[in-house]
Amino acid sequence: MPELPEVETVKNELLPYVVGRKITDVVLLWAGMVKEPSPEEFRKRLIGQKITGITRRGKYMPFSLSGGDTMIVHLKMTGSLLVQKDSAELPPYARAVFHLDEGTVIVFRDLRKFGVLRLVKDRDTVIGKLGPEPFDEGFTPKVLGEILTKRKAPLKALLTEQTLIAGIGSMYADEALFAIGAHPMRPGNSLSLKEINKLHREIRRILSEAIENKGASVDTYYRPDGSRGTAHYQFKVAHRFKEKCYVCGTPIDRIKVRQRGSYFCPHCQPAPKQ
Ligand SMILES: [Zn+2]
């Protein structure tokens, strides 16, 4: 699923097409993706509003609108936002089409239909409970340490819990844990101060490199122009099941941690003692 670097890329690359543009029509091909308000009201309230900006918070994209509303997009598992010159030909799995006043259209394409659209007056009702952003000044090694060392849950579960830290998903949590040699099942409170400092540094390094590489196209992630990101070519463990570890040659293993597929090197990331 798109994680922080993928959502950041989509936001950055959409901005030039949408800022200052007025929404002239909204076609919902799968109305079920609108979680609030009703699909009819969603359309009615959006049409005529100007998009004044897009930001990113965790994996959410809030679109600021001239009428004071915020449209909040979540791509979930398989969503993409694609820019097209017109709507003459829509891609497969197009679920919503936003028409802009210059003729450009933004297509929400979503194979699995988990993507979500919301139109709200107060964005905090949706994104207010998220944890700190990894690139925020306030997200210091000390803050990361407080988040992790107070808890016994597996590191993989803690790093991907959006109310603790926003934006890190399964792929980048796996990469960060490999970078510090920590097994995904290790409890949060088992990390040393040295490991926490390193983890903090590695989270930022891995995420910023992935943003530079425009996200990871391991399955259905596309950039707004339809092209793919290349961040997955940097992956050391994520989505490399049975391939050799670049460091030690051991085949990469995969386990489930709280329902999430988790990739790791059994040699470089030794299992915690029971
Ligand atoms: Zn290894």
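# A tour from Ala 166 outward

Start by selecting Ala 166 and showing its neighbours: leaving aside residues up to four places away in sequence, Ala 166 touches Leu 4, Arg 57, Gly 58, Leu 130, Gly 131, Pro 132, Glu 133 and Pro 134. Contact here means heavy atoms within 4.5 Å.

A word on the ground rules before moving on. This is a predicted model, in which local features need pLDDT of at least 70 and side-chain atom pairs count only at pLDDT 80 or more, while totals for chains, interfaces and linings use all residues. Residues are numbered from 1 along each chain as its sequence is written, and side-chain values use heavy atoms, with hydrogens and water left out.

## Around Ala 166

Keep Ala 166 selected and colour by secondary structure. The residue sits in the loop between helix 5 (155–159) and helix 6. Helices (H or I, at least four residues) and strands (E, at least two) are DSSP runs numbered from the N terminus. Is Ala 166 buried or exposed? With a relative accessibility of 0%, Ala 166 counts as buried; the cut-offs are under 20% relative accessible area for buried, over 50% for exposed and partly exposed in between, using a 1.4 Å probe and protein chains only. Now draw a distance to Pro 266: the two C-alpha atoms are 27 Å apart in space, with their positions 100 residues apart in sequence.

## Zoom out to the whole chain

Switch to a cartoon of everything. The protein chain has 7 helices and 11 strands, and its C-alpha trace spans about 60 × 35 × 30 Å along the principal axes. The radius of gyration is 20 Å, which agrees with the value near 19 Å that a compact globule of 274 residues would have. That radius is taken over C-alpha atoms, and the globule rule is 2.2 Å times the number of residues to the power 0.38.

Colour by burial next: 52% of the 274 residues count as buried. In a surface view, the accessible area comes to about 12,700 Å², with 50% of it belonging to carbon and sulfur atoms. Such areas come from the Shrake-Rupley method with a 1.4 Å probe, and for residues only the protein chains shown count as cover. If you draw a contact map, look away from the diagonal: of contacts between residues at least 6 apart in sequence, 63% join residues at least 24 apart.

## Phe 42 and the cis bond

Select Phe 42 in helix 2. Its relative accessibility is 0%, so Phe 42 counts as buried. Beyond residues up to four places away in sequence, Phe 42 touches Val 26, Leu 28, Val 34, Glu 36, Pro 37, Met 71, Phe 98, Leu 117, Arg 118 and Leu 119. For a long line across the view, join Phe 42 to Tyr 233: their C-alpha atoms are separated by 39 Å, and the residues lie 191 apart along the chain.

Two of those contacts deserve a click. Which kind of peptide bond joins Glu 36 and Pro 37? The bond is cis, with omega at about -10 degrees. Pro 37 belongs to the loop between strand 2 (34–36) and helix 2 (39–46).

## Strand 8 and the loop before it

Move to Phe 108 in strand 8 (residues 105–110), which is buried at 0% relative accessible area. Gly 79 is 29 residues away in sequence and 6.8 Å away in space, C-alpha to C-alpha.

Then pick Thr 104, in the loop between strand 7 (94–100) and strand 8. At 15% relative accessibility, Thr 104 counts as buried. Its contacts, again without residues up to four places away, are Val 83, Gln 84, Lys 85, Phe 98 and His 99.

## Two positive phi angles

Go to Lys 242, in the loop between helix 7 (193–212) and strand 10 (253–257). Although not a glycine, Lys 242 has a positive phi of about 75 degrees, and it is exposed at 63%. Arg 258, in the loop between strand 10 and strand 11, also has a positive phi, of about 50 degrees, without being a glycine. Arg 258 is exposed, with a relative accessible area of 55%.

## Last stop: the pocket

The largest pocket has a volume of about 350 Å³. Its lining has 17 residues, and the closest to the centre are Met 1, Met 77, Ser 170, His 239 and Gly 261. Helix 6 (170–179) and strand 11 (260–264) are the elements that give two or more residues to this lining. By type, the lining divides into 6 nonpolar, 4 polar and 7 charged residues. Ala, Val, Leu, Ile, Met, Phe, Trp, Tyr, Cys and Pro count as nonpolar, Asp, Glu, Lys and Arg as charged, and the others, Gly among them, as polar.

On a 1 Å grid over the protein atoms alone, a cavity is a set of points where a 1.4 Å probe fits but cannot get out, whereas a pocket is an open set with protein on both sides within 12 Å along at least five of seven lines; lining residues have an atom within 4 Å of a point. Grid points are joined across faces, edges and corners, and the volume is the space filled by probe spheres set on the points.
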